[in-house]
Amino acid sequence: MCHLIDLFIFCPKKRRDIYSTLYAKEGIYNRQDYFGDKADYLFLKDVNGDGMDDAVAVYTSAPGVGPGSVMLSLSNGETFVEPKLALTHRYQLGFVYPLMGDVNGDGLSDMVYIDFFHQRLNVAYSNGISFDSAIEYRLNTSGGKINESYLTDLNGDEKDDLVFYMPDAANTGNWFVCYSKDGEFSKAELILDNLKFKSDQRLWGDFNGDGFSDLIAFNETTKVWSVALSNGDKLLDPKVWLSNFDNAQQPVFMVYDADKNGKDDLIIWNKLTHSDMFNKKYEGKKGIGKDGNCDWLVACSDGNKFSSPKPYITNHLLPSYKGNTPPSEFGIIGSLDGETSVSMVLSHGKWLGVDFPGKLAKT
Ligand SMILES: [Ca+2]
Ligand SMILES: [Ca+2]
Ligand SMILES: [Ca+2]
Ligand SMILES: [Ca+2]
């Protein structure tokens, strides 16, 4: 039987001491076949607590998959294995969204469903093998409406907290936290009284490596990335960490410690968005119009600022190299062995990962 994957090029894992751009065709790896296709949400999180990130696919209503199914495929250090159903949790489409994080601090990533309409969380704790049935937590936001939320550890106690943004008139630009503690979520507390600037995209990570998660925000007009560091209790005033950022290709942004120095970095995925992958005019060309060129770039944190973004993988699934495979629908970054970061694109159920190519040279 001929699998499509036979057409991919396999290479041994490479570790490099100095910075070099890795062509995806040299190092692409198939980490999983036929997992997560048509899923509504995909995560790369450590569900069984062995330090290696596992693949999680959440389905709302795909054909042939039970509504609310959460599929899990564990990392064995290089690939994903043993795909199975780990939870069924049906939820209201349109105002409930799944997140993942370790809410109870046991080292196992839990499934969390935030319900923006009812202002509540349903938490399905990982038991190391699958997820237990969800427990409901009502959030006390004093009447404010949550608009955007993240699970991240603001106060460094290894339990992920719910941080969120409330854009209504009384709270414009204000950020709040409900701390996870003692099996409950605290009443909402103000952590930043104003974002102090207009932002178009926001993410969370620990950019200075002190264990407290920080807010990063991008302003598309000024082309500036700013970081508001956490002191474990509040967010400090935002400061510019990267300016003159070229957003021409409208990339996907992620936060991850790519070079594994303990400080989260800004990851930029120039996603290819056109669907006409067999169109000859794309062959050998990069960055057409608003389409990305399948490159991955990293802006490394030194704890005070980001370096200028550098490509570290090029042509990660550009159709001219992989003529039989449609452009990737999804990109994600994590670590399958717990030590090396892997940048992954997903295309029709295939998870294709390339390891971070060694340490970046100092600039
Ligand atoms: Ca794992
Ligand atoms: Ca947990
Ligand atoms: Ca916490
Ligand atoms: Ca921090």
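Here are some friendly notes to help you find your way around this structure.

1. **What you are looking at.** This is a predicted model, so it helps to begin with how confident the predictor is. The protein chain averages a pLDDT of 84, and 80% of the residues score at least 70.

2. **Where to read with care.** Two stretches deserve a cautious eye. Over residues 1–20 the pLDDT stays under 50, and the model has 25 contacts there beyond four places in sequence. Residues 275–289 also stay under 50; for this second stretch there are 12 contacts beyond four places in sequence.

3. **The overall make-up.** The secondary structure of the protein chain comes to 1 helix and 27 strands. Of its 363 residues, 40% count as buried. If you look at contacts with a separation of 6 or more, 43% of them join residues that are 24 or more positions apart.

4. **A sheet to start with.** A good place to begin is an open sheet of 4 strands, in the order β3-β4-β5-β6, with antiparallel pairing. Its edge strands are β3 (41–45) and β6, each of which pairs on one side only. On average, neighbouring strands of this sheet are turned by 20° against each other, direction ignored.

5. **Strand β5 and its two partners.** Strand β5 covers residues 69–75. On one side, β4 (residues 54–58) runs antiparallel to β5 and is joined to it by 4 bridges; here Val-58 has Val-70 as its bridge partner. With β6 (residues 80–88), β5 pairs in the antiparallel sense over 6 bridges, and Met-71 has Leu-85 of β6 as its bridge partner.

6. **Is β5 enclosed or open?** Strand β5 is largely enclosed by the rest of the structure, because 5 of its 7 residues are buried. A residue counts as buried when 20 or more other C-beta atoms lie within 10 Å of its own.

7. **The turn after β5.** Strands β5 and β6 form a hairpin with 4 residues between the strands. Within this hairpin, Gly-77 takes a positive phi near 110°.

8. **The nonpolar core.** The largest nonpolar core has 87 residues. Val-56, Val-112 and Ile-267 are the residues with the most contacts inside it. The largest share of this core, 5 residues, comes from strand β12 (residues 161–166). As background, nonpolar side chains tend to be buried together in soluble globular proteins.

9. **A closer look at Val-112.** What does Val-112 touch, leaving aside residues up to four places away in sequence? Its contacts are Pro-98, Leu-99, Met-100, Gly-101, Val-103, Leu-121, Val-123 and Leu-151.

10. **Two residues with a positive phi.** Most residues other than glycine have a negative phi. Even so, Lys-223 has a positive phi of about 60°, and His-348 has one of about 50°. You will find Lys-223 in the loop between β18 (214–219) and β19 (224–228), while His-348 is found in the loop between β26 (342–347) and β27 (350–355).

11. **How exposed are those two?** Lys-223 has 13 C-beta neighbours inside 10 Å, so it counts as partly exposed. His-348 has 14 C-beta neighbours inside 10 Å and therefore counts as partly exposed. The reasoning rests on the cut-offs: 12 or fewer would make a residue exposed, and 20 or more would make it buried.

Notes: Residues are numbered from 1 along each chain as its sequence is written. Chains are lettered from A and ligands numbered from 1 in the order in which they are written. Helices (H or I, at least four residues) and strands (E, at least two) are DSSP runs, numbered from the N terminus. Two strands pair if DSSP finds at least two bridges between them. Axes are lines fitted to C-alpha atoms, for helices over the stretch in contact, and angles run from 0 to 180 degrees between N-to-C directions. A nonpolar core is a set of buried Ala, Val, Leu, Ile, Met, Phe, Trp, Tyr and Cys residues joined through C-beta atoms within 7 Å. Two residues are in contact if their C-beta atoms, placed from the backbone, lie within 7 Å. pLDDT is the predictor's confidence in each residue, from 0 to 100.
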